[in-house]
Amino acid sequence: LGHPDARVRAAIDVACQAVLDSETELTHLDQQVGDGDLGQALARGAYGWFDDPIEGDASHLLRHLSWIARRDVGGTSGALYAMGLLRAAESLERGGDWGEALAAAVDGVAGLGAAAPGDGTMLDALAPAATAWADGPAAVVDAARRGAEATVGAVARRGRASYLGERAVGYPDPGAIAVVRWLEAVVTAQPT
Ligand code: ADP
Ligand code: MG
Ligand code: MG
């Protein structure tokens, strides 16, 4: 299990709380371009985390969260978050820093979803955030926000929103907004 990492555990608490606080918003967004289940799906994951508190080092915590994503979130997001979290955990185990872990998560999500930034998915927020890592917390959140905002004007090429073609233009991608919500909460909560 390694040395218990209370700081990472607290950051995951913050991220999961942000997901719960955003449930209604994410439900609404996924009703516009998808099937309306994203808010509930991610909330199930957050409850899964809060219901089963564990301790351990950062990679152990991320592996546990990956398993919760598979067990409780389900759907497209469950599989993609499970992959991203697993890749991040593996990166930390190889001695990578958090920037490398985030980049590994992006690669994992992109590989499983056959998606690239610009396809109108969660990657549009996550990938720019990873790229901005070296520029500091404010730049990371900024990059994620700008990436998510850019999904409003784009035709989605992956996920259910892609079934809508041009009709999805004008709506943000729910998964990208979800990334912004937990990321901004985690960064805001970090002592600087
Ligand atoms: P569904 O209800 O279709 O199973 P979710 O509601 O769990 O999907 O998640 C929807 C979000 O997942 C989308 O808003 C998008 O951000 C993301 N997504 C969907 N497909 C992909 C993909 N192939 N690659 C990356 N992200 C994707
Ligand atoms: Mg959905
Ligand atoms: Mg669904």
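The radius of gyration used here is taken over C-alpha atoms, and the rule for a globule is 2.2 Å times the number of residues to the power 0.38. With the whole protein in view, that rule can be applied to its 192 residues: a compact globule of this length would have a radius of gyration near 16 Å, and the protein has 15 Å, which agrees. Keep in mind throughout that this is a predicted model.

Next, colour the protein by confidence, where the average pLDDT is 95 and 98% of the residues score at least 70. For the complex, the predictor gives an ipTM of 0.99, together with a pTM of 0.97.

Switch to a cartoon view and follow the chain from its start, where the secondary structure comes to nine helices and zero strands, so that the pattern reads α-α-α-α-α-α-α-α-α along the sequence. If you turn the C-alpha trace onto its principal axes, its span is about 50 × 35 × 30 Å.

Now select helix 1, residues 6-21, and add helix 3, residues 38-51. The two helices pack at an angle of about 145°, and their axes lie 8 Å apart; the crossing in which helix 1 passes helix 3 is left-handed. To see what makes this contact, show the side chains of Ile12, Cys16, Val19 and Leu20 on helix 1, and those of Leu42, Ala43, Ala46, Trp49 and Phe50 on helix 3. By class, the residues of this contact are nine nonpolar, with no polar and no charged ones.

Then centre the view on ligand 1, which is surrounded by 24 residues, the closest being Gly75, Ser77, Gly113, Gly159 and Gly175. Which helices each supply at least two residues of the shell around ligand 1? Select helix 3 once more, and add helix 5 (75-93), helix 6 (98-113) and helix 9 (174-189), since these are the helices that each supply at least two. Helix 5 gives the most to this shell, with four residues.

Finally, colour the shell around ligand 1 by residue class, and the view should show ten nonpolar residues, eight polar residues and six charged residues.

Methods:
Residues are numbered from 1 along each chain as its sequence is written. Chains are lettered from A and ligands numbered from 1 in the order in which they are written. This is a predicted model: local features need pLDDT of at least 70, side-chain atom pairs count only at pLDDT 80 or more; totals for chains, interfaces and linings use all residues. A residue is near a molecule or strand if its C-beta atom, placed from the backbone, lies within 6 Å of it. Ala, Val, Leu, Ile, Met, Phe, Trp, Tyr, Cys and Pro count as nonpolar, Asp, Glu, Lys and Arg as charged, and the others, Gly among them, as polar. pLDDT is the predictor's confidence in each residue, from 0 to 100. Axes are lines fitted to C-alpha atoms, for helices over the stretch in contact, and angles run from 0 to 180 degrees between N-to-C directions. A crossing is left-handed if the near helix is turned anticlockwise from the far one by less than a right angle, and right-handed if clockwise. Two residues are in contact if their C-beta atoms, placed from the backbone, lie within 7 Å.
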